[in-house]
Amino acid sequence: MEEVLGEENVWKQKDDKAVSIVDSNLKIRFKEEAKHWTDGAPIGNGRLGGMVWGGVESETINLNDDTIWTGSPGNYTNPDVPKALSKVRKLVDDGKYAEATASAVNLSGESSNAYQLLGDIKLAFDHKSAFDEKTYQRELDLDSAVVKVEYSIGEMKFKREHFASYPDQVIVSKIFGNKSGSLSFTAFLDSKLPHRSSVNNEKQIVMEKAETGIQFSVILDLQISDGAGTITVSEGNKIKVENCDWAVLLVVASSSFEGPFAKPSESKKNPTSECLKRLKSLKSLSYEQLYARHLNDYQKLFQRVSIELSNGLKTEEKDLVATSERVKSFKTDEDPKLVELLFQYGRYLLISCSRPGTQPANLQGIWNDKIYPPWDGAPHLNINLQMNYWPALSCNLQECQEPLFDYIASLSVNGGKTAKVNYDANGWVAHQVSDIWAKTSPDSGDPVWALWPMGGEWLCTHLWEHYTYTLNKDFLATKAYPLLEGCVLFLLDWLIEGKNGYLETNPSTSPEHMFIAPDGKPASVSYSSTMDISIIKEVFSSIVSAAEILGKGENDLIKKVIRALPRLYPTKIAKDGSIMEWAQDFEDPEVHHRHISHLFGLFPGHTITLQKTPDLCKAAENALIKRGEEGPGWSTTWKAASWARLHNSEHAYRMMKHLFDLVDPENESKYEGGLYSNLFTAHPPFQIDANFGFSAALAEMLIQSTVDDVYVLPALPRDKWVSGSVKGLKVRGNVTVGISWGDGYLNEFNLWSNNRENRRFTKRIHYKEKSVVVTLLTGKVYTFDKQLRIVKTSSLMDLSSI
């Protein structure tokens, strides 16, 4: 393998895989057994998730399967909506916003279904005496995606290793001691859902769901050391292991879910048969082989990006300090190594809960311990689902987006029915909250959250972003463009002729936020919220660009879009100097509201930029200051990313720092945002989107891009991260970068592309006041100095031969 990035670097490049030579700060550590679910260590292979508690006398691993949901395919249409819609529009036109808000309840639909738990692996150990608490260690190693537990009882040392394998679709646990015959325990499966369990003739525990709906099966297979130990059946549904050297548990699961359009009652799938077939295919693989296959698959993704941050101070070794203690001390020591850890944790979690062929990451990823989790664990389309995938592109995990695109395709099917029946419109639409059945109708209840037909449109911006990062023209033609086309067809019908010749959305809300109407009444429904129009501008611009690439620029649809774009309501500045959230400068009764929807054009959108709209950027800055720094975790990271887009390192860092607050799970209602001891982010309660938002925001602070431009260290907090490096982040144009800096200033910048379609590519590179335009060759690594001069060119290996 050829070294390509300089002698001082501690990695080597193979395609987009950064191979770590030094294991640096990639462990989440616990010094005691879990007392709460959020003390557990999460593992996952995209579909199956586990939460490892790490008990001594007993072990619990909570299990999840991403297809275990309530309900069945629904009818997401309402033929009574068109009449109610006309009434609401008339009230809005008459300026009767409170009345329009009350009337808009008639546009609402049904609630989403709920994501559910699967069950538990339970282990009860037969230890003859108490363990030494000082010897207890539990850690989640992000570099290997393995949870390890170890402790001592007298002279005996016990260890456990747990991982979830994507290539083999199994959760694997190995338990062993340092003395022969020292291991004895009982294993069984349990669930909060109605179930039945038994031990079959192969001495495998089989647990099956015992009620209607999506069926599931979980099977636990147990292997123990040859010549040492016995396995017997206990109580008909448990396995008892006595006096063995080691044991390996293989846990597989399957469900009857066949897709969002298939009724569970009509499913022909047999989950138990599928589990048995899976286990049969694994019988020939040793633990070492299973581990090697897991590690090779996982590290191809995870090790693409490495990061090192330093505040320039010599810090004490923290290898053995519980991560929760590090969170507690962050407010004073601002340990940059903890920032590194949380960044990589977001990447770990995305790999672990969203892989090709799985469901998209929901409100909790895949990890859930409740029959009905908060907000049903459902994907919310007014920020949360989108934020889940913010780090996929910049943080070099583009494959992890595939479930999102499959999901958008499903939404387009149901959304076509909703659009036609509810709104007499072409194309497709999706609203604020959905579920595994690709629900597209409005939510039930108050229009302030229920009435928001822009969820699908926001998701469609991810399609174009994926192309700009990957330059995958086949993806653009076969998957992205058809979905964008349907989205645009709806928007052209949804937009109506408004005041002063503008095209407007009516009714319109700014997600979950009220205003005070001119008559003094609270309301949420008006017309052309800034969020609506910003998203529409983004979608319209995207399809025009996509059409040009695909040779469809002369299509009638594209011509209509080009005519409509300048007629969209402009983003305006309020009398207080901030971005207006609604088309009128309404009074805001909650200036510190958690959503910053009206700043979509700044981030993640591209219609407010320092280069093209400096006045709007100043207004966006005022809006962020007006919103304040308080709020749930996802709000904190959204604000951090937005400040980064403004190249404001001070405020971006302050928002990130705000997240480092250790949440007490027994009193979580007292917190806003924060981290649990396992570094899950809190709303509270637990909501995974801020984990992903944090990684995306940090990447945004270190590198930004447009299709043509690259901005190096645009929001680096120079006094907090005095020196450091990051390698493997992506910028638009299928380009990978590496950056190193010292004393707060750029040392070296590396850039390369392995795009096979275009031999040459041109970029404008910016660092502070300096800018250069370079035309580069793919397959080469270019090293720039702090003056943005190319000082070294290296050749990548012939990637086709790897």
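Two strands count as paired here if DSSP finds at least two bridges between them. I kept that in mind while leafing through this predicted model.

**Entry 1: strand 15 and its neighbours**

I started with strand 15 and strand 18 (residues 246–255), which pair in the antiparallel sense over 9 bridges. Across that pairing, I found Ile219 opposite Val252 of strand 18. On strand 14 (residues 205–209), I counted 4 bridges to strand 15, and these two strands also run antiparallel. Glu208 has Ser217 of strand 15 as its bridge partner. Strands 14 and 15 make a hairpin with 6 residues between them, and Gly213 in the turn shows a positive phi of about 100°.

Is strand 15 enclosed or open? I looked up burial: 8 of the 9 residues in strand 15 (residues 216–224) are buried, so the rest of the structure largely encloses it.

**Entry 2: strand 3**

Next I checked which way the side chains point on strand 3 (residues 27–30). Lys27 and Arg29 point one way, Ile28 and Phe30 the other, and all are buried. That fits the usual rule: in a regular strand the side chains alternate between the two faces of the sheet. Strand 3 pairs with strand 8 (residues 132–141) in the antiparallel sense, over 4 bridges. I noted Arg29 standing opposite Glu139 of strand 8.

**Entry 3: the nonpolar cores**

I then went looking for the largest nonpolar core, and it has 230 residues. Those with the most contacts inside it are Phe185, Tyr345, Tyr348, Val712, Trp721 and Phe749. I picked Phe185 and listed what it touches, leaving out residues up to four places away in sequence; among them are Leu123, Phe125, Ile175, Leu222, Ile239, Val241 and Leu249. Asp126 and Lys240 are also on that list. Apart from this core lies another, of 15 residues, including Val146, Val248, Tyr287 and Leu290.

**Entry 4: helices 15 and 16**

I tried a ruler check on helix 15 (residues 614–627). Its 14 residues should span 20 Å at 1.5 Å a residue, and the end C-alpha atoms are 20 Å apart, which agrees. Which residues of helix 15 are buried? I found Leu616, Cys617, Ala619, Ala620, Ala623, Leu624 and Arg627. Looking down the axis of helix 15, I saw these buried residues fall within an arc of 160°, so they line one face of the helix. They pack against helix 16 (633–645). Right after helix 15 comes Gly628, with a positive phi near 85°.

Helix 16 has 13 residues and reaches 19 Å from first C-alpha to last, close to the expected 18 Å. On burial, I got 13 of 13 residues of helix 16 buried. Just past helix 16, His647 takes a positive phi of about 60°.

**Entry 5: two open sheets**

I traced one open sheet of 6 strands in the order 19-26-27-28-31-32, with antiparallel pairing. Strand 19 (306–310) and strand 32 (790–795) are at the edges with a single partner strand each, so one side of each has no neighbour in the sheet. Neighbouring strands of this sheet are turned by 20° against each other on average, direction ignored. Within it, 5 bridges join strand 28 (residues 745–753) to strand 31 (residues 780–785), and Trp752 stands opposite Val781. Helix 6 (residues 336–353) packs on this sheet and touches strand 19 and strand 26 (723–731). Its direction makes about 160° with that of strand 19.

The other open sheet I looked up has 4 strands in the order 24-25-29-30, with mixed pairing. Its edge strands are strand 24 (703–705) and strand 30 (770–777). The twist averages 25° from one strand to the next. Strand 29 (residues 760–767) and strand 30 pair antiparallel over 8 bridges, and there Lys763 has Val774 as its bridge partner.

**Entry 6: backbone oddments**

Where are the cis peptide bonds I noted? One joins Asn506 and Pro507, with omega about 5°, and Pro507 sits in the loop between strands 21 and 22. Another runs from Pro684 to Pro685, with omega near 5°; Pro685 is in the loop between helices 17 and 18.

I also jotted down Trp375, which has a positive phi near 55° and counts as partly exposed at 41% relative accessibility. Asp424 has a positive phi of about 50°, and with a relative accessible area of 59% Asp424 is exposed.

How values were computed: Residues numbered from 1 in each chain as written. Predicted model: local features only at pLDDT ≥ 70, side-chain atom pairs only at ≥ 80, totals over all residues. Heavy atoms only, no water. Buried < 20%, exposed > 50% of the residue type's maximum accessible area, 1.4 Å probe, protein only. Expected span 1.5 Å × (residues − 1). Arc of directions from axis to C-beta. Contact = heavy atoms within 4.5 Å. Core = buried A, V, L, I, M, F, W, Y, C linked by side-chain atoms within 4.5 Å. Axes fitted to C-alpha atoms, helices over the stretch in contact; angles between N-to-C directions.
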